[in-house]
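Here are a few short exercises to try with the model on screen. Take a look at the structure, then work through each solution step by step.

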Amino acid sequence: MATTTSPRRTQDPPGGSDQRLGRERPIGGGELWLWLFMRISGLLLLVLALGHLLVMHLFATGAERINFGFVAVRWASPFWRTWDWMLLMLALVHGINGLRNITLDYVTRPGLRLAINMTSYVIGFTLMVLGTIIVVTFDPSKWPGAV
Amino acid sequence: MATARKTKSDYGGLYKGHPGQYSWILHRITGVAVILFLFMHVVDTALIGWGPEAYDRVVSAYANPFIHLLELGLVLAVLYHSLNGLKITLIDFFPRLVTHITGISVATAVTFALTAIPTAFIMLKQTWDLYKA
């Protein structure tokens, strides 16, 4: 699906193709689900990412106050671990699919397209696994005296 | 409404000549910038699993005033991408709103300005404090 060179079928709005602004909505299948996912995850990320930025960058001081102790206190709360994990997963899938959309629009050589997409899928998957392991298993008591 | 002339590739619409193309291209640029930052940010945060020494050494880079300016750029990119994405989603879910595209675009731009200016003010003050420290 993701790396083929077959055209993505889309549906024009009632007024004709000139009336649509931006990306056309796919007719169906996986592409339509991804189209919908981008919008739903976008709405969730609006809350998760902007909330993250407000708390970490704007209230009090910026990211310079962040250190091991700061994270240990923050991640003592299951609420923030869940928040950060949801942000991690949604942002990665949303971002990787965005890169894929851009690649499909601008890169027409099949081999290069496959290479770029595969690279970003591997990076995305690796970071999801790495991030999930760290969020779930992090235990500051392994470093007594550090907090 | 101005007619959007599209250069139609087989793989999607790359439209040219319409005011919407600027928000479209900015959406892509900010999106790519944010995902590239995210790749790095997941790795630097994951270092927490290797203990305080490794983590603190790497994230102390965020206290550098120049890095702090990049942080402002990141926050503005996320803000723009969020608000423009909200605009896209609104029009995609309620297609008849497209007749009000000009008003919605102006509202998006005004909202961005009203949130970006205080954000920049707060973060530039943080940068200044870091520079003095």
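**Exercise 1.** Find the handedness of the crossing between H3(B) and H4(B) in this predicted model, and work out how the two helices run relative to each other.

*Solution.* Start with the crossing: H3(B) passes H4(B) in a right-handed manner. Next, take the axes: those of helix H3 (residues 65–93) of chain B and helix H4 (residues 101–132) of chain B come within 9 Å and cross at roughly 165°. Angles over 145 degrees count as roughly antiparallel, and H3(B) and H4(B) are therefore roughly antiparallel to each other. Finally, sort the residues where H3(B) meets H4(B): this contact has 18 nonpolar, nine polar and two charged residues.

**Exercise 2.** Describe how chain A is built.

*Solution.* Begin by counting elements: chain A holds four helices and two strands. Then put them in sequence order, which gives β-β-α-α-α-α. Now look at burial: of the 147 residues in chain A, 22% are buried. Last come the contacts within chain A between residues at least 6 apart in sequence; 58% of these join residues at least 24 apart.

**Exercise 3.** How many residues does each chain give to the contact, and which elements of chain A take part?

*Solution.* First, the counts: chain A gives 46 residues and chain B gives 48 residues. On the side of chain A that touches chain B, the elements giving two or more residues are helix H1 (29–58), helix H2 (68–74), helix H3 (78–106) and helix H4 (110–137) of chain A. To finish, split that side of chain A by class: 26 nonpolar, twelve polar and eight charged residues.

Conventions: Residues are numbered from 1 along each chain as its sequence is written. Chains are lettered from A and ligands numbered from 1 in the order in which they are written. This is a predicted model: local features need pLDDT of at least 70, side-chain atom pairs count only at pLDDT 80 or more; totals for chains, interfaces and linings use all residues. Two residues are in contact if their C-beta atoms, placed from the backbone, lie within 7 Å. Ala, Val, Leu, Ile, Met, Phe, Trp, Tyr, Cys and Pro count as nonpolar, Asp, Glu, Lys and Arg as charged, and the others, Gly among them, as polar. Axes are lines fitted to C-alpha atoms, for helices over the stretch in contact, and angles run from 0 to 180 degrees between N-to-C directions. Angles under 35 degrees count as roughly parallel, over 145 as roughly antiparallel, 65 to 115 as roughly perpendicular and the rest as oblique. A crossing is left-handed if the near helix is turned anticlockwise from the far one by less than a right angle, and right-handed if clockwise. A residue is buried if 20 or more other C-beta atoms lie within 10 Å of its own, exposed if 12 or fewer, and partly exposed in between; C-beta atoms are placed from the backbone.
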